[in-house]
Amino acid sequence: MTKNEIELAPNAALLVIDVQKGFDDASYWGPRNNPEAEANIAALMDAWRETGRPVVLVRHASLTAGSVLAAAHPGHAFKDFVADRAGQESLLITKTVNSSFYGTPDLAEWLTAQGIGQLVVTGIQTNMCVETTARMAGNLGYEVLVPLDATHTFDLAAGPAGPSLTADQLATATAVNLQGGGFARVVTTAQLLGA
């Protein structure tokens with residue numbers, strides 16, 4: 001196997017993290033990157049369904065007052081393309097923090113029960129819940145693949161006088177953190193679809 005080849009386990013789990021309508025609110029989040037993220041996530045969901053591999057949907061239920069991701073807010077709902085593919089997922093997790101491993105039901109417990117050792121992590125936001133989940137998965141000993149083009153994020157500032165980074169800069173930092181730090185292998189959607 002060359003360094004560009006990917007070997008997918010027959011039971012590799014696809015994690016689709018926080019692909020919720022609330023993230024479409026540009027007035028709340030600001031500028032985003034990677035307009036192809038949703039199409040790439042949809043293609044991966046379709047490929048996983050066709051091959052019978054497990055899909056795990058993760059939804060954030062924010063506890064922050066006024067959040068567009070709060071459980072009572074319309075933005076809590078999955079985006080339409082995910083909702084249209086829902087119902088065949090292997091597991092649905094609800095979380096209130098950045099890591100999908102701190103949700104209900106327990107992701108690690110389910111993965112162990114299913115004998116799953118390889119995870120493909122997609123979703124929103126690249127540098128928040130996707131990166132946190134991938135880092136934790138790597139620490140727990142899973143083989144983690146992150147198709148960066150099946151994620152997106154938003155410009156972020158540390159505060160009124162603090163530094164800021166664009167969404168693309170944050171995505172690049174995530175790629176360096178994950179692969180350079182040994183947490184995950186950063187790949188593309190096309191590589192996974194061709195595996």
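## A walk around strand β5

Start by selecting residues 118-124, 126-139 and 143-147: β5, helix α5 and strand β6 form a right-handed β-α-β unit. Right-handed here means that, with the strands pointing away from you, the path from the first strand over the helix to the second runs clockwise. Helices (H or I, at least four residues) and strands (E, at least two) are DSSP runs, numbered from the N terminus.

Before moving on, some housekeeping. This is a predicted model, in which local features need pLDDT of at least 70 and side-chain atom pairs count only at pLDDT 80 or more, while totals for chains, interfaces and linings use all residues. Residues are numbered from 1 along each chain as its sequence is written, and side-chain values use heavy atoms, with hydrogens and water left out.

**Stop 1: β5 itself.** Keep just residues 118-124 highlighted. Seven of the seven residues in β5 are buried, so the strand is largely enclosed by the rest of the structure. (Buried is under 20% relative accessible area, exposed is over 50%, and partly exposed is in between, with a 1.4 Å probe and protein chains only.) In a regular strand, side chains alternate between the two faces of the sheet. Colour Q118, V120, T122 and I124 for one side of β5, then L119, V121 and G123 for the other; both sets are buried.

**Stop 2: the partners of β5.** Two strands count as paired if DSSP finds at least two bridges between them. Add these one at a time:

- Strand β1, residues 13-17, runs parallel to β5 with five bridges; look for V16, whose bridge partner in β5 is T122.
- β6 is also parallel to β5, with three bridges, and its V144 sits opposite L119.
- Strand β7, residues 151-152, is parallel to β5 and joined to it by two bridges; here T151 stands opposite G123.

**Stop 3: zoom in on L119.** This residue of β5 has 0% relative accessibility, so L119 counts as buried. Show everything in contact with L119 (heavy atoms within 4.5 Å). Beyond the neighbours within four places in sequence, you'll find A13, L15, F101, L111, A137, Y142, E143, V144 and L145. Try a distance label from L119 to L15: the two are 104 residues apart along the chain, yet their C-alpha atoms are separated by 7.1 Å.

**Stop 4: helix against helix.** Two packed helices are described by the angle between their axes and the distance between the axes. Bring α5 back and add helix α6, residues 167-180: the two pack at about 10°, with axes 10 Å apart. That angle makes α5 roughly parallel to α6, a label for angles under 35 degrees, with over 145 roughly antiparallel, 65 to 115 roughly perpendicular and the rest oblique. Show T126, N127, E131, A134 and R135 on α5, then L170, A171, T174, N177 and L178 on α6, to see the contact.

**Stop 5: across to β2.** Hop from β5 to β1, then on to strand β2, residues 55-60, which runs parallel to β1 over four bridges. The bridge partner of L15 in β2 is V56. Six of the six residues of β2 are buried: V55, L57 and R59 point one way, and V56, V58 and H60 the other.

Finish with strand β3, residues 91-95, which pairs with β2 in the parallel sense over five bridges. V58 has I93 as its bridge partner there. Select helix α3, residues 80-85, as well: β2, α3 and β3 make a right-handed β-α-β unit.

Note on methods:
Axes fitted to C-alpha atoms, helices over the stretch in contact; angles between N-to-C directions.
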